[in-house]
Amino acid sequence: MSTRIAFLKGHGTENDFVIVPDPENAVDLPPAAVAALCDRRAGIGGDGLLHVVRSAAHPEAAEMAAEAEWFMDYRNGDGSVAEMCGNGVRVFAHYLQRAGHVAEGDVTVATRAGVKSVHLAKNGDITVGMGKAVLPEGDVTVSVGEHNWPARNVNMGNPHAVAFVDDLGQAGNLFTPPPVTPASAYPDGVNVEFVVDRGPRHVALRVHERGSGETRSCGTGACAVAVAAARRDGVDPAVTGTPTTYTVDVPGGRLVITEHPDGGIEMTGPAVIVAEGDIDARWLAAVRL
């Protein structure tokens with residue numbers, strides 16, 4: 001086995017990722033190895049890891065190979081597997097273009113939440129078709145200290161609890177998951193967004209991502225927030241018959257989210273590759289526990 005494994009480092013609105021190109025799914029990445037790579041002191045550092053694999057070479061994606069050549073095998077920073085990451089898809093597609101695997105224009109990416117359509121624009125913006133939101137029934141409450149807020153349960157292929165607050169400082173430090181009740185609403189954990197208004201169809205958020213803590217951005221979270229805000233504001237596109245667009249400020253930048261009358265959601269934002277190099281395979285083998 002080679003003693004070096006290629007990697008890149010990238011981010012989408014400062015939601016950052018370790019990228020491991022592995023077309024034939026030959027690199028063993030158990031949770032401990034992923035967590036070590038994402039460690040900001042002892043590893044490379046990242047909110048998560050993008051394992052770049054051909055769909056045909058991965059058992060979870062083989063059935064999608066006819067629709068999408070590449071599979072985003074996404075992992076959270078703690079090593080756990082996740083269904084989807086909106087910022088991650090943009091960075092993933094940007095890597096594919098940089099590596100010469102895809103060209104400017106429309107591409108598809110397989111994820112655990114299904115095949116996503118991506119548009120790589122000339123100006124560098126990347127638009128991802130995020131699919132449709134699911135709005136489970138039932139009341140949900142988010143708590144921080146003595147504060148409690150009703151939250152909107154939104155599923156974007158991964159689960160979200162969206163709470164509208166008066167001040168983003170009320171979210172606390174977000175190092176640990178904010179309590180959400182009832183626990184039965186999210187048996188596999190939840191991403192929690194705290195949201196304030198900035199202007200007409202313009203909001204800002206802070207987010208705790210399950211498995212990662214507070215992150216500088218969350219693409220699926222921004223989509224969930226736009227959906228929740230549209231319902232709160234009485235501009236559900238399925239009711240009005242016209243698309244609704246929200247500008248969503250995240251700590252690391254800005255995303256633009258559009259929901260269409262058929263329920264389809266598009267997210268537009270940037271993606272950046274900042275570095276590339278090699279991982280010492282001997283070091284990685286030592287942390288595969």
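## Thr127 and its surroundings

In this predicted model, Thr127 counts as partly exposed because its relative accessibility is 21%, whereas a buried residue must fall under 20%. Thr127 belongs to strand β7, which spans residues 126-132.

Beyond its neighbours within four places in sequence, Thr127 is in contact with Ser117, Val118 and His119, and also with Glu266, Met267 and Thr268. With Thr268 there is a side-chain to side-chain polar contact of 2.7 Å. His101, by comparison, is 26 residues from Thr127 in sequence, and their C-alpha atoms are 18 Å apart.

## The nonpolar cores

The largest nonpolar core comprises 52 residues, of which Met72 and Ile257 touch the most other members. The greatest contribution to this core comes from helix α3 (residues 219-233), which supplies nine residues. A separate core of 18 residues includes Val140, Val142, Leu174 and Phe194.

Once neighbours within four places in sequence are set aside, the contacts of Ile257 include Ala222, Cys223 and Ala226, three residues that are buried in α3. Ile257 is also in contact with Thr244, Thr245, Tyr246, Val248 and Ile265, as well as with Glu266 and Met267. Glu266 and Met267 are likewise among the contacts of Thr127.

## Helix α3

Helix α3 consists of 15 residues and covers 21 Å between its first and last C-alpha atoms, close to the 21 Å expected at 1.5 Å a residue. The helix is mostly covered, with 12 of its 15 residues buried; among them are Gly219, Gly221, Val225, Val227 and Ala230. Gly234 follows α3 and has a positive phi, near 75 degrees.

Technical notes
Residues numbered from 1 in each chain as written. Predicted model: local features only at pLDDT ≥ 70, side-chain atom pairs only at ≥ 80, totals over all residues. Heavy atoms only, no water. Core = buried A, V, L, I, M, F, W, Y, C linked by side-chain atoms within 4.5 Å. Buried < 20%, exposed > 50% of the residue type's maximum accessible area, 1.4 Å probe, protein only. Helix = DSSP H or I, 4+ residues; strand = E, 2+ residues; numbered from the N terminus. Contact = heavy atoms within 4.5 Å. Polar contact = N/O pair within 3.5 Å; in protein donor to acceptor, adjacent residues only side chain to side chain. Expected span 1.5 Å × (residues − 1).
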